Amino acid sequence: MEQEKMRLWNVVIPWGAAQGAIVLRRVSNCSFPRQPKVDRPVHAPAYLEAYELMEENADMIFDPRDMMSERAYDSTSVSRGNSTGQPHPASDLPGPRAWPIVGCLPYMLRHPAFDPDRVYVFWQAVRDEFGPTFRKDMPGHSQLVFITQPEDLETLLRTTLYNPLRPAMASLKRVRSDGGADGRHHAHDHIFQGRAGILAEQEEEWWRVRRVVQRPLTASPLVAQYLPEMDDVAKDFVARIRALRDQQSGEVPETFNTELYKWSLESLGTIALNRRLGCLQQQKHEEAHENSGGGDEGELHPLRLIRLAKQLLGALHETENVKLWKYFPTTSIMRLQEAHQVFTDVALQAIQATEQQEAARQRQGEDGVIPSTSLLGMLLATPQLSREDVLTFILDLIATGIDTTSHAVGNLLYLLARHPHVQRRVHEEVIREVGRPQHLLPEHLTALTYTKAVFRESLRLMPVNVGIVRTLTCDTVLGGYHVPRGWEVVAPTMLLNHREDVFPRAKEFLPERFLRGSPWAPRHNFGFLPFSYGPRMCIGRKIAYQEIFCFIIRVLGEMHVDYKYQDIHLVNRLSYGPSSPLRFTFTDR
């Protein structure tokens, strides 16, 4: 038995003093997995990789004497502290049983509520079993605490306000390090130079870039200068819907999800690249070629950029959920590296084309000085940023922006189709306050009070953001427990947004709750944070708001939307998206 116990600890060894990493002896000397083809569909969830490891090492890992015992929740003993008024120690945190290395994966994979596509259902079941504050260790997250009360979220965000460490995107940082995940890929070392960008960096390096790039993306006058181009994209999308829909029924194809991606990328291109990319043009031959998996590797085509962005985000979803790649080389981290490399190559083509346009503009002006109106041009002209900083930021903006915005609009259309009385009020407000002008103005967007409430309620009921995560920078009391510095804390969006004690009639779609004087208004200011809070708020929130309101005004001002199929729920990837094709029916008003 002692020999078996020794095997458990001999499995975990240092992988060279220089790296300081921990890997499994069984695989530490193995070559890295052969890089998979990026376009290959991935059917197995990231958890499968962990499950196979557990089966292989079951005799070593599952020794009951080595595991943390299950800690039940006792509501009578936890009311922000113990009988002496002092918080409980972290060792008292309730939560499922956890094993070394794999954490609580055995509990999770065997739980009846676990579905890798709807992990929020599992989180709700764990909350019901262990209480509003619980510990749930995972591979790569050895000390992970979940909070589901807005009071604790406020404490977390205010405590970490001046140094908001967000542990997400560690795998992105790994593949952007010199040589990539395996130390052998140097194609983009000159771009990233060992830096990961604001998505994955922390502290001084994160703030060095963030404080400079946030002004052109959050200052209302600067964002408003892109309104005419965004409006043109929205008007073109109305024409696109008319061309796509069945001429008899008005129903759009089941590929409408992709159409929303095209609209989002086309809108984003007007800001990030200062030009139209042609996503909404009639391109039947190219689309058939792209959907069949074809396409020249050197081709610069919007559909290819969208497909690669989705593959990159899908790979990130795997590596960010189960971080076994921290211990040994995994197929998922190599898949991420390959997806990242190809996406970067293609996106850089688009960025460099805009750079050339900017350079030509400058050469046409006297003394070479013409203020740039493009985001790329403004950032390149900023002394505090290197060209490499700017390229990295634009890459991330493209990859993440098209995904979240398209999902937000898809969810909004679905909820309006399911609630025709709300849709009618939105249409009436649009016609009354805006009408059908040739060009939209900023005051048109700000006049839509009820529509803004509808948008907020859609983000509450069907959020895009999975949750808010922070690493504690000091010891903090959360839920009556003393949580030490360095622990990771997760606030799941769905569990906060659907609390009946915070949102009366929380399961219902009630936009009125976000109007002044509503009896259904949120009971806590930190109960609804769709764009997070503080210095790490979503940097593209104002751009997304402007994009989406152009869409609402143009589409719902001219069309009625209906949906006749099964209910749609959210599935989790890196962000929440729809579970079914968005087969809407659009009819002209």
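Between which helices is the loop in which Gln193 lies? Keep that in mind as a later stop. The model on screen is predicted, and the tour begins with the whole chain.

**Whole chain**

Colour by secondary structure. The chain holds 23 helices and 13 strands. Switch to colouring by burial: of the 589 residues in the chain, 56% are buried. If you draw contacts with a separation of 6 or more, 73% of them join residues 24 or more positions apart. A search for enclosed space in the whole structure returns 6 cavities of 30 Å³ or more.

**Second largest cavity**

Select Val175, Gly180, His185, His188 and His340. Among the 14 residues that line the second largest cavity, these lie nearest its centre. The space inside amounts to about 130 Å³. Now add helix 9 (189-192) and helix 16 (331-364), each of which supplies at least two residues of this lining. Helix 16 has the largest share, with 3 residues. Colour the lining by residue class: 9 of its residues are polar, 3 are nonpolar and 2 are charged.

**Gln193**

Select Gln193 next, which answers the opening question: the residue sits in the loop between helix 9 and helix 10 (203-218). Check its backbone torsions. Phi is positive, at about 50°, although Gln193 is not a glycine. Is the residue buried, partly exposed or exposed? Its relative accessibility is 43%, so Gln193 counts as partly exposed.

**Ser532**

Go on to Ser532, in the loop between helix 22 (493-497) and helix 23. Here too a residue other than glycine has a positive phi, with a value near 70°. As for its surroundings, Ser532 counts as buried because its relative accessibility is 12%, and the cut-off for buried is under 20%.

**Second largest pocket**

Select Lys452, Arg456, Phe528, Pro530 and Phe531. Of the 19 residues lining the second largest pocket, these are the closest to its centre. The pocket holds about 470 Å³ of space. Show helix 21 (449-461) and helix 23 as well, since each supplies at least two lining residues. Which helix gives the most to this lining? That is helix 21, with 4 residues. By class, the lining divides into 10 nonpolar, 5 polar and 4 charged residues.

**Helix 19 against helix 23**

Keep helix 23 (residues 541-558) on screen and add helix 19 (residues 420-433). Two packed helices are described by the angle between their axes and the distance between the axes. For this pair, the axes come within 9 Å and cross at roughly 105°. The crossing angle therefore makes helix 19 roughly perpendicular to helix 23, as angles of 65 to 115 degrees are classed that way.

To see the contact itself, show side chains on both helices. Which residues of helix 19 meet helix 23? They are Gln423, Val426, His427, Val430 and Ile431. On the helix 23 side, the partners are Ile552, Ile553, Leu556 and Gly557. Colour this contact by residue class to finish: 6 of its residues are nonpolar, 3 are polar and none is charged.

Conventions:
Residues numbered from 1 in each chain as written. Predicted model: local features only at pLDDT ≥ 70, side-chain atom pairs only at ≥ 80, totals over all residues. Heavy atoms only, no water. Axes fitted to C-alpha atoms, helices over the stretch in contact; angles between N-to-C directions. Parallel < 35°, antiparallel > 145°, perpendicular 65-115°, else oblique. Contact = heavy atoms within 4.5 Å. Nonpolar A, V, L, I, M, F, W, Y, C, P; charged D, E, K, R; others polar. 1 Å grid on protein atoms, 1.4 Å probe; cavity = no way out; pocket = protein on both sides within 12 Å on 5 of 7 lines; lining within 4 Å. Points joined across faces, edges and corners; volume = space filled by probe spheres on them. Buried < 20%, exposed > 50% of the residue type's maximum accessible area, 1.4 Å probe, protein only.
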